[in-house]
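Please walk me through this protein one stop at a time. Keep it short and plain.

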Amino acid sequence: MNKHAKYTVNNPALKTLLKASYTLKDIERIQQALHAYKTLEFTTTSNGLFPAAAAADAQNTGYKYVWVRDNIYVAYAHYIMGQHDVAAKTLSVLMAYFKKFSFRFTNIIENPEQKERVMQRPNIRFDGETLTEIDEDWEHAQNDALGYFVWLYCTLAAQPETQSLIALNNAAVQMLSKFVLYFEAIRYWEDPDSGHWEEGRKVSASSIGPVIAGLKALRSLVSCRQLTLGLSQTPNSSKRLTSQLITNGATALSKILPWECRNSENERRYDAALLYLIYPLRVVTKSQAETILTEVATALTGGYGIARYPYDSFWCEDFQDLDKSIQTAKYTGREAWLKEQNRAVQRGKESQWCIFDPIISAIYGEWFQASGDAKYLKLQTLHLNRALGQITGENNTVDTGKGNNEPVKLPAYRCPELFYWQHGEYVPNVSTPLLWTQANLCIALKMMERNLAVSQP
């Protein structure tokens, strides 16, 4: 039996709409239900950025702040849905933020050894309302987040339908040039960073890949818009530098995949962040993608979602019963503590996240578009159903922390960050709804809609 065949559907009303195969009308009914309950409405800051979560507890968890990576996925979802102005506004504000703190790029470009002081790196988490940095220690060495920004900014700036919405004035081009010089200065292809999960630094495939995608998108943009980057004396030299950085990354990536990290001290074979290298970044081969999907399915997939990696201690078993200082220890640089905590996690009791099934659905959707093979449409449907099954129902509750007597009832029709094992059952965590989950579900629904329009004209 397919391991994915058994999964939980949290919302009984929504369960009646789920099917093993869909028509366009079926997808329309699902979208109408989600629209009625505002499931996929995005909370936004006053200037067009997006907080990590719209949860009632976002003030206490810090999810009221803006993460670059999350905002790229929300912007990308709006782009896929045809809401180009929303996507462009988000990217424009992020560009303004990076320009405001461009000195962080310059300092490391001129003094590469400063990269070891991670608080001096470009901050990837900040106050979105004021575009100011947060006075709090954080694992800001996150090359993937910077690569994602360059990728989407350059992608939209090159597309005919969106290029007029993305600034390519001298200031923007110079800022893009600083990204390239920064990636060169830190030697991104061998730079240990904290990556998608903001944990102990290691050389990770899931961080190298987004930078490759960003550099490729920039190279394409330079060519199609005939730009001159401020990297050297001649345009040809600039192109050679960008191409060399892409080659360096591709060589390193090929030596790591299908693992996440092969360094003996921090080696990790399975990590669901690798899925993003398949879609939307498209920086791996079909063979590599198939291996990643197989390993995620066998090693990380559960009945509620997909674990980030084996022995992940974030939102581990009875996480809300842990002392608050322990819950936040992973964000204070205590890497040794994190490794010890991960070793204590019971295999199979890791938190199961909701940001992966929609992406797997989109991957199979692209493969169906390319091949017309019905098996891919079937798998696309299965993972869309798993993603829809993660939406909260009337009876989902959340434990808000040690010392509270009664769990708090969650609103129905919301997209959780994850489900974790609390007091003998999997329940959503407090970061519900998570905007990254909403974004990925929007992408999966749009992909299904497109495929059905082709296969069922």
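Tyr-311 is partly exposed, because its relative accessibility is 38% and partly exposed covers values between the 20% and 50% limits. Find Tyr-311 in the loop between H12 and helix H13 (324-327). Its backbone stands out too. Tyr-311 is not a glycine, yet its phi is positive, about 65°. Keep in mind that this is a predicted model.

Asp-318 also lies in the loop between H12 and H13. Here phi is near 55°, again a positive value in a residue other than glycine. Is Asp-318 buried or partly exposed? Its relative accessible area is 23%, so Asp-318 counts as partly exposed. The cut-off for buried is under 20%.

Now look at two prolines. Pro-258 sits in the loop that links helix H10 (235-256) to helix H11 (275-278). The peptide bond leading from Leu-257 into Pro-258 is cis, and its omega is near 5°. Pro-280 belongs to the loop between H11 and helix H12 (286-299). The bond from Tyr-279 to Pro-280 is cis as well, with omega near 10°.

Next comes the interior. The largest nonpolar core holds 152 residues. Which of them touch the most other members? They are Phe-149, Tyr-188, Leu-275 and Leu-388. Helix H7 (residues 143-158) gives this core its largest share, 12 residues.

Take Leu-275 from that group. Setting aside neighbours within four places in sequence, Leu-275 is in contact with Ile-292, Leu-293 and Val-296. Phe-356, Ile-359, Ile-360 and Ile-363 complete the list of contacts for Leu-275.

Move on to helix H8, which runs over residues 170-185. It has 16 residues. From first C-alpha to last, H8 reaches 22 Å, close to the 22 Å expected at 1.5 Å a residue. Many names appear on its buried list, including Ala-172, Val-173, Met-175, Leu-176 and Ser-177. Phe-179, Tyr-182 and Ala-185 are among the buried residues of H8 too. After H8 comes Arg-187, with a positive phi near 50°.

The last stop is Arg-125. This residue lies in strand S2, which covers residues 125-127. Is Arg-125 buried or exposed? Arg-125 is buried, because its relative accessible area is 4%, and buried means under 20%. What does Arg-125 touch, not counting residues up to four places away in sequence? Its contacts include Gly-62, Tyr-65, Val-66 and Trp-67. Arg-125 also touches Ile-134, Glu-136, Trp-138 and His-140.

Terms used
Residues are numbered from 1 along each chain as its sequence is written. This is a predicted model: local features need pLDDT of at least 70, side-chain atom pairs count only at pLDDT 80 or more; totals for chains, interfaces and linings use all residues. Side-chain values use heavy atoms; hydrogens and water are left out. Helices (H or I, at least four residues) and strands (E, at least two) are DSSP runs, numbered from the N terminus. Buried means under 20% relative accessible area, exposed over 50%, partly exposed in between (1.4 Å probe, protein chains only). Contact means heavy atoms within 4.5 Å. The expected span of a helix is 1.5 Å times one less than its number of residues. A nonpolar core is a set of buried Ala, Val, Leu, Ile, Met, Phe, Trp, Tyr and Cys residues joined through side-chain atoms within 4.5 Å.
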